[in-house]
Protein chains: 2
Amino acid sequence: MRVVRHISELRPTPSTGLVPTMGALHDGHRALLRAARAENELVVASLFVNPAQFDERSDLAAYPRDEERDAAIAEAEGVDVLFAPEADELYPPDFATWVEPELTGLEGEARPGHFRGVATVCLKLFNLVRPERAYFGQKDAQQAAVLRRLVRDLNVPVEIRVLPTVRDDDGLALSSRNARLSADERSRALGLPRALHDASGADDPVAEARALLDLLHPDYVEVVDLGEALVLAAAVRVGETRLIDNVLLEGVIA
Amino acid sequence: MRVVRHISELRPTPSTGLVPTMGALHDGHRALLRAARAENELVVASLFVNPAQFDERSDLAAYPRDEERDAAIAEAEGVDVLFAPEADELYPPDFATWVEPELTGLEGEARPGHFRGVATVCLKLFNLVRPERAYFGQKDAQQAAVLRRLVRDLNVPVEIRVLPTVRDDDGLALSSRNARLSADERSRALGLPRALHDASGADDPVAEARALLDLLHPDYVEVVDLGEALVLAAAVRVGETRLIDNVLLEGVIA
């Protein structure tokens, strides 16, 4: 595996799969890396904690960073190139051009500027790596919806592949933020996947999930359109930690 | 020359030069087409009156359209592919992803939303045609500056070529908008290139141009940085017609 720090060292290659990550790799990322390995000749993973997508400074500061561990996981999953630039390599001091998605749902309302940061860094990575396919998890459903729309609206020649959420045995969706939960918080957090699951068959899944999530005071509950699927999505705050999750309502994610 | 209406008919090809236009082709466009012809194996011109970049509805309605004449000029200049889509081919009804340039100078302040429209459509064209080089005129100096910054910030693999402004014998910069000037307005409009030219050697060119343009009530006078050159730029309104122009202060445009 080649570790690349500088844009000038990237060599765009046909049949490349790109897995953009912010590190803190878990089994959800592994599933993306495996799919990329199976479907492409070359696999590029990026490791970049994108400052532009953090709407809360404390969240950026608390974001876990362990490059050595992440590089070992990437290598074990067959990544060919790990692109791990410093922040000023992607955002030089006079950086001044942003990609602004207008339809970002309630997750976008809850996190002003977040999807602008996501859209901008992903378009940059698509232009730098020029992948045939880029891989994202269903867990970040609004992100997947924004990026599907971005590639369509801006005519970017890349396929956005969305893969099913990977969960722990207790049902909690994997997230680097789960490490911040105390044992008590974790057991409360399980109410999120449970409520979404139980509400997904209701006549009005949004109202049902809202009722079931009452004690967790959800930021929002809404239906997100991923193109090939509709999901029921919600965000809750457990202690200091904000968690999102979603379950399939219609269609297929594979 | 092949006339293409639909995105699906475009076939990106190595060594392509792209000349984006809104039609109403004049000798300034011809200079861009000739440079593209000389420097690339394939020349694509686009003909698209981009609604997203008009900040005034009346300006969009008044914009001259004569595809037959434009196509004849393009063909005479050796264009291989003329991309002339309908508006909804580039902006489907639920279009919702914009490229937002933050540094757009006083021209940007005078025309809210204009450079968002320019940046968005140009990125779309770059992604659709995937040219090695794209050609723009010095006359739209802030546009050139915005696009140079866009390709750098968003890592778009295209070279932005900026070619010198072409002028009529009396010194007026060619523009499709010149056709709207009465004879009297035209002679007043000549004060713009004259003032910029006379001010360009002054110790404070901006102040000098402002003084010389006093009777034309300029929207603004400012220095625009094109990377390889600095230009002295101004906008004036003559009757109903808004005109912009600029002259070289430092560097080379070629």
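This report describes two domains of chain A and one sheet of chain B.

The model is predicted, so local features need pLDDT of at least 70 and side-chain atom pairs count only at pLDDT 80 or more, while totals for chains, interfaces and linings use all residues. Residues are numbered from 1 along each chain as its sequence is written, and chains are lettered from A and ligands numbered from 1 in the order in which they are written.

**Domains of chain A**

Chain A is divided into domain 1 (2-163) and domain 2 (176-251), with bounds from an automatic or database domain assignment. Their C-alpha centres lie 24 Å apart. Each domain gives 15 residues to the contact, in which C-beta atoms, placed from the backbone, lie within 7 Å. On the side of domain 1 of chain A that touches domain 2 of chain A, α7(A) supplies the largest share, 5 residues.

**Sheet of chain B**

In chain B, 6 strands form an open, parallel sheet in the order β1-β4-β3-β2-β6-β7. Strands (E, at least two residues) and helices (H or I, at least four) are DSSP runs, numbered from the N terminus; two strands pair if DSSP finds at least two bridges between them. The edge strands each pair on one side only:

| Edge strand | Residues |
|---|---|
| β1 of chain B | residues 2-4 |
| β7 of chain B | residues 159-163 |

Strands β3 (42-47) and β4 (81-83) of chain B pair over 3 bridges, and B:Val44 stands opposite B:Val81 in β4(B). Helix α3 (67-76) of chain B packs on the sheet, touching β1, β3 and β4 of chain B, and its direction makes about 165° with that of β3(B). Such angles run from 0 to 180 degrees between N-to-C directions, with axes fitted to C-alpha atoms, for helices over the stretch in contact.

Key. Contact = placed C-beta atoms within 7 Å.
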